[in-house]
Amino acid sequence: MQKWEYAELEVTIGGPLSGTKCEATIYQPNENHKKIGGNFGKLIAQMGEDGWELIVASARIESGLGSKHKINYMLKRPKSS
């Protein structure tokens, strides 16, 4: 049976002061998740090279002082044996 590992790429689009931020989280069963920050284009390109496949994307707006737009991308890849 095929086993998968999962990752989430979160892009936060703020205003002129906060700018755009991107962080990838690679989830681990032991909850020792790996976080990687950086440029969206570079991160998504590297994840594609590493075998990650997009399975779903969602967007939302966090309202309040300095509201932000967030886009989350969920990815998966086969677990290596």
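Among the contacts in the protein with a separation of 6 or more, 45% are between residues 24 or more positions apart. The model is a predicted one, and the tour below moves from the whole chain to single side chains.

**The whole chain**

Display the backbone first. One helix and five strands are present, and along the sequence they follow the pattern β-β-β-α-β-β. Aligned on the principal axes, the C-alpha atoms fill a box of roughly 45 × 20 × 20 Å. Next, switch on the surface: the accessible area comes to about 5900 Å², and carbon and sulfur atoms hold 53% of it. Of the 81 residues, 23% are buried.

**Strand S1: glutamate 8**

Select glutamate 8, which belongs to strand S1 (residues 4–13). What is the nearest side chain of opposite charge to this buried residue? It is that of arginine 60, 6.2 Å away, and glutamate 8 has no salt bridge. A salt bridge would require a side-chain nitrogen of Lys or Arg within 4 Å of a carboxyl oxygen.

Now show the polar partners of glutamate 8. Its side chain makes a polar contact of 2.4 Å with the side chain of tyrosine 27, and another, of 2.6 Å, with the side chain of asparagine 72. Extend the selection to the surroundings, leaving aside neighbours within four places in sequence: glutamate 8 is in contact with Glu23, Ala24, Thr25, Tyr27, Asn72, Tyr73 and Met74.

**The salt bridges**

The structure holds four salt bridges. Begin with glutamate 5 and arginine 77, whose side chains meet at 2.7 Å, N to O. Glutamate 5 lies in strand S1 and arginine 77 in strand S5 (residues 68–78), so this pair ties together parts that are 72 residues apart in sequence. Colour by accessibility and glutamate 5 appears as buried, because its relative accessible area is 16%.

Proceed to glutamate 10, which forms a salt bridge with lysine 70; the closest N and O atoms are 3.6 Å apart. Here too a residue of strand S1 is paired with one of strand S5, so the bridge ties together parts that are 60 residues apart in sequence. Are the two partners buried or partly exposed? Glutamate 10 counts as partly exposed because its relative accessibility is 23%, whereas lysine 70 is buried, with a relative accessible area of 13%. Add Arg60 to the selection: Glu10, Arg60 and Lys70 are linked in a network of salt bridges.

Then select glutamate 23 and lysine 35, which form a salt bridge with their closest N and O atoms 3.8 Å apart. This pair links distant parts of the chain, with glutamate 23 in strand S2 (residues 20–26) and lysine 35 in strand S3 (residues 34–37), 12 residues apart. Glutamate 23 is partly exposed at 35% relative accessibility, while lysine 35, at 54%, counts as exposed.

**Helix H1 and its ends**

Move to asparagine 39, at the start of H1. A side-chain oxygen of this residue reaches to within 2.9 Å of the backbone nitrogen of glycine 41. Just after H1, select glycine 51 and check its backbone torsions: phi is positive, at about 95°.

Within the helix, which spans residues 40–49, select leucine 43. Is leucine 43 buried or exposed? It counts as buried because its relative accessibility is 10%. Not counting residues up to four places away in sequence, leucine 43 touches Leu9, Cys22, Ala24, Ile36, Gly37 and Gly38. For a sense of scale, draw a distance from leucine 43 to isoleucine 61: these residues are 18 residues apart along the chain, and their C-alpha atoms are separated by 22 Å.

**A nonpolar patch on the surface**

Finish on the surface with Trp4, Tyr6, Ile55 and Val56, which make a nonpolar patch of about 350 Å². Which strands supply at least two residues each? They are S1 and strand S4 (53–62). Centre the view on tryptophan 4, found in strand S1. Tryptophan 4 is partly exposed, because its relative accessible area is 31%.

Key:
Residues are numbered from 1 along each chain as its sequence is written. This is a predicted model: local features need pLDDT of at least 70, side-chain atom pairs count only at pLDDT 80 or more; totals for chains, interfaces and linings use all residues. Side-chain values use heavy atoms; hydrogens and water are left out. Helices (H or I, at least four residues) and strands (E, at least two) are DSSP runs, numbered from the N terminus. Buried means under 20% relative accessible area, exposed over 50%, partly exposed in between (1.4 Å probe, protein chains only). Lys and Arg count as positive and Asp and Glu as negative; His and the chain ends are not counted. A polar contact is a pair of N or O atoms within 3.5 Å; within protein, one must be able to donate a hydrogen and the other to accept it, and residues adjacent in sequence count only if both atoms are side-chain atoms. Contact means heavy atoms within 4.5 Å. Patches are made of residues with over 30% relative accessible area and no salt bridge: like charges are joined within 9 Å, nonpolar side chains (Val, Leu, Ile, Met, Phe, Trp, Tyr) within 5 Å. Accessible areas come from the Shrake-Rupley method with a 1.4 Å probe; for residues, only the protein chains shown count as cover.
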